[in-house]
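Hi everyone, thanks for making time this morning. I'd like to walk you through one structure, so please have a look at it while I talk.

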Amino acid sequence: MRWAWVTTCFLVGCVSFHPRSASWPQDASVGADRSPGAAPASETSPGPSPWRVIGLSREGRPLRVRRLGTGPRRVIWVGGIHGNEREGVVSTAELPAAFAAVAGALDRVTLTILEDINPDGTAANTRGNAAGVDLNRNYPARNFLPGPTYGARPLDQPEAEALHDLVCDVRPHLVIVAHSWRGDHFINFDGPAVRHAELFSKRSGYRVKPSDRIAPTPGSLGSWVGRTLQIPILTLEHERGSDPRRCWEATREAILAVILSA
Ligand SMILES: [Zn+2]
């Protein structure tokens, strides 16, 4: 069944309905943020929706998303995929308020924020998940390669499957993923995203670096979303070890610009 559906997804760019979505928690009481100051649960509120759990990691940690705005442009922000790259964590925390503060943003864009697709790796400070699989190599791109750190087959890791299903459910116009790179910072892109990458570069000073100028990334999220589905995707590489707050301050305007650009 999965392969039949994945094939459909390949062919139609994720416009098909995924049956698993129906069983995922939609109720505001499931996975809701009950911390002090959390936004009230309301589907009509212009503020952030409650956290929604879209799946569990191998070790059972929740994979959480929240949504802001109701606009026709759909954007997904992924706060982290490699557990030892936490430079984007402040951006993920600050983005909702910064986005909501832009006049008209909530009417123009529906922004889905995925907090961290690799919470087990984050807890252990490892690149891969609890099985040692790189979650940025486990997607059904044409360049997928099976291997101990890539997975035996696409989407055989629960975290990758959850992110895959989120992309197919949201059908975004743009995906942005936070990473970090040793000794350098730049904006990488896949698919029809050169315009977004250039805008990001102009607003941040991060230079544009296409994927063909980086090491091969078989089965990466960028390969699948950008090249297979032809959805623009930006891979934001901060310099490894940078202060996450400085990373946010350096790229805040650029992130908002690409989210809001039509
Ligand atoms: Zn990374």
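I'll start with the metal site and then turn to how some of the helices pack.

One thing to keep in mind from the outset: this is a predicted model.

So, the metal. Which residues hold the zinc ion? The donors are ND1 of His 82, ND1 of His 179, and Glu 85, which is listed twice through OE. Their distances to the zinc ion run from 2.0 to 2.6 Å. Those of you who set up metal parameters will want the angles too: among the 4 donor atoms they span 54 to 156°, and the site is irregular. For reference, the ideal angle for four tetrahedral donors is 109.5 degrees.

Along the chain, the donors of the zinc ion follow the spacing H-x2-E-x93-H. Please find the two histidines on your screens. His 82 sits in the loop between strand 3 (73–78) and helix 2 (89–100), while His 179 belongs to strand 5 (residues 174–181). They are 97 residues apart, so this pair links distant parts of the chain.

Now, the helices. Two packed helices are described by the angle between their axes and the distance between the axes.

Let's take helix 2 again, this time against helix 8. Their axes are 9 Å apart, at an angle of about 45°, and that makes helix 2 oblique to helix 8. The crossing of this pair is right-handed. On the helix 2 side, the contact includes Val 89, Leu 95 and Phe 99, and on the helix 8 side the residues include Trp 248, Ile 255 and Leu 260. By class, the residues of this contact come out as 11 nonpolar, 1 polar and 3 charged.

Helix 8 (residues 244–260) also packs with helix 6 (residues 194–204): the axes come within 8 Å and cross at roughly 150°. Helix 6 and helix 8 are therefore roughly antiparallel, and their crossing is right-handed. Among the helix 6 residues in this contact are His 196, Phe 200 and Arg 203, and they belong to a set that meets helix 8 residues including Glu 253, Ile 255 and Val 258. Here the classes are 7 nonpolar, 3 polar and 2 charged.

And what about helix 5 and helix 7: how do they cross? Helix 5 (residues 158–170) and helix 7 (residues 221–228) have axes that come within 12 Å and cross at roughly 20°. That makes helix 5 roughly parallel to helix 7. Leu 163, His 164, Val 167 and Cys 168 of helix 5 meet Leu 221, Trp 224 and Val 225 of helix 7. This contact has 6 nonpolar residues, 1 polar and no charged ones.

That's my tour, and I'm happy to take questions.

How values were computed: Residues numbered from 1 in each chain as written. Predicted model: local features only at pLDDT ≥ 70, side-chain atom pairs only at ≥ 80, totals over all residues. Heavy atoms only, no water. Axes fitted to C-alpha atoms, helices over the stretch in contact; angles between N-to-C directions. Helix = DSSP H or I, 4+ residues; strand = E, 2+ residues; numbered from the N terminus. Parallel < 35°, antiparallel > 145°, perpendicular 65-115°, else oblique. Left-handed = near helix turned anticlockwise from the far one by under 90°. Contact = heavy atoms within 4.5 Å. Nonpolar A, V, L, I, M, F, W, Y, C, P; charged D, E, K, R; others polar. Donors = N, O, S within 2.8 Å, 3.2 Å for Na, K, Ca; no water. Tetrahedral: all angles 85-135°; square planar, octahedral: opposite > 155°, others 65-115°.
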